[in-house]
Amino acid sequence: MKKRDLIHSGFIDSVEEREQHASTAYGNLVAIPHPVMPLAKQTFIYMITMEKPIAWDDKEVQIVFCLGLKKNTTINLEKMYQNLTDIINDYTKVLKLIEADTEEQFHKVFSP
C-alpha cells in the first residue's frame, strides 16, 4: 500500500499546523508528529530513523513516529500509546530502534 493511500488531502498541512501549536519532539531523540484532527483513511504509525540526529525545535530527533488516526476508529489504541510512551521514556529502547536493521529487530523492541 502506498503512503498516499493512507491519508486524506490536507494531512501534511494538518501535521504542520499541529507542530506550530506545540512541538511533537518529546526528548530522548523521539518526535511523534500527527495532524490536528484524524485525517487518515486507515490508522497507522510510520517510523523513520536517521543516521544522525536533526534539530527539531529545541531538541534533537533521530527517530520519528508519524501517527495517523482514522476518524471514528474502533481499534483499541491503548497498547500502541503505551508502547510509544515506554519508548519515549527509555533511551535504551530508542537506541535499539535506531540500530535495528531488520523488521524482526524492530518488533523485539517495539513489542515487549
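Two strands count as paired if DSSP finds at least two bridges between them, and that cut-off will help in reading the close-ups of this predicted model.

**View 1. Strand 3 and strand 4 run antiparallel.** Here strand 3 (residues 44-56) is joined to strand 4 by nine bridges. Look for A55, which stands opposite E60 in strand 4, and then for M47, whose bridge partner in strand 4 is F65. The two strands form a hairpin with two residues between them. In that turn, D57 has a positive phi of about 55 degrees, a handy spot to check on your own backbone plot.

**View 2. Four strands make up an open sheet.** The strand order is 1-2-4-3, and the pairing is mixed. Strand 1 (25-27) and strand 3 stand at the edges with a single partner strand each, so one side of each has no neighbour in the sheet. From one strand to the next, the twist averages 25 degrees. Strand 1 pairs with strand 2 in the antiparallel sense over two bridges, and G27 has V30 in strand 2 as its bridge partner. Strand 2 (residues 29-31) and strand 4, by contrast, pair in the parallel sense over three bridges. On that side of strand 4, V64 stands opposite A31.

**View 3. Strand 4 (residues 59-68) is largely enclosed by the rest of the structure.** Why is strand 4 described this way? Eight of its ten residues are buried, so the rest of the structure largely encloses the strand. As a general reminder, side chains in a regular strand alternate between the two faces of the sheet. Helix 2 (residues 78-88) lies across strand 1, strand 2, strand 3 and strand 4, and runs at about 175 degrees to strand 4.

**View 4. I63 belongs to strand 4.** Is I63 buried or exposed? Its relative accessibility is 0%; buried means under 20%, so I63 counts as buried. Leaving aside neighbours within four places in sequence, I63 is in contact with L29, V30, A31, M47, I48, T49, M50, V94, L97 and I98. One of these contacts, I48, is 15 residues away along the chain, yet the C-alpha atoms of I63 and I48 are separated by 5.7 Å.

**View 5. Helix 4 (residues 103-110) has F106, V109 and F110 as its buried residues.** Seen down the axis of helix 4, these residues fall within an arc of 90 degrees, so they line one face of the helix. The other side of helix 4 carries E104 and K108, which are exposed. What do the buried residues of helix 4 pack against? Their packing partners are strand 3, strand 4, helix 2 and helix 3 (91-99).

**View 6. Helix 3 packs with helix 4 at an angle of about 165 degrees.** Their axes are 9 Å apart. Angles over 145 degrees count as roughly antiparallel, so helix 3 is roughly antiparallel to helix 4. The crossing of these two helices is left-handed. If you would like to pick out the side chains at this meeting place, select K93, K96, L97 and E99 in helix 3 together with Q105, F106 and V109 in helix 4. Among them, F106 and V109 are also buried residues of helix 4, which ties this close-up to the previous one.

How values were computed. Residues are numbered from 1 along each chain as its sequence is written. This is a predicted model: local features need pLDDT of at least 70, side-chain atom pairs count only at pLDDT 80 or more; totals for chains, interfaces and linings use all residues. Side-chain values use heavy atoms; hydrogens and water are left out. Buried means under 20% relative accessible area, exposed over 50%, partly exposed in between (1.4 Å probe, protein chains only). Axes are lines fitted to C-alpha atoms, for helices over the stretch in contact, and angles run from 0 to 180 degrees between N-to-C directions. Contact means heavy atoms within 4.5 Å. The arc is that of the directions from the helix axis to the C-beta atoms. Angles under 35 degrees count as roughly parallel, over 145 as roughly antiparallel, 65 to 115 as roughly perpendicular and the rest as oblique. A crossing is left-handed if the near helix is turned anticlockwise from the far one by less than a right angle, and right-handed if clockwise.
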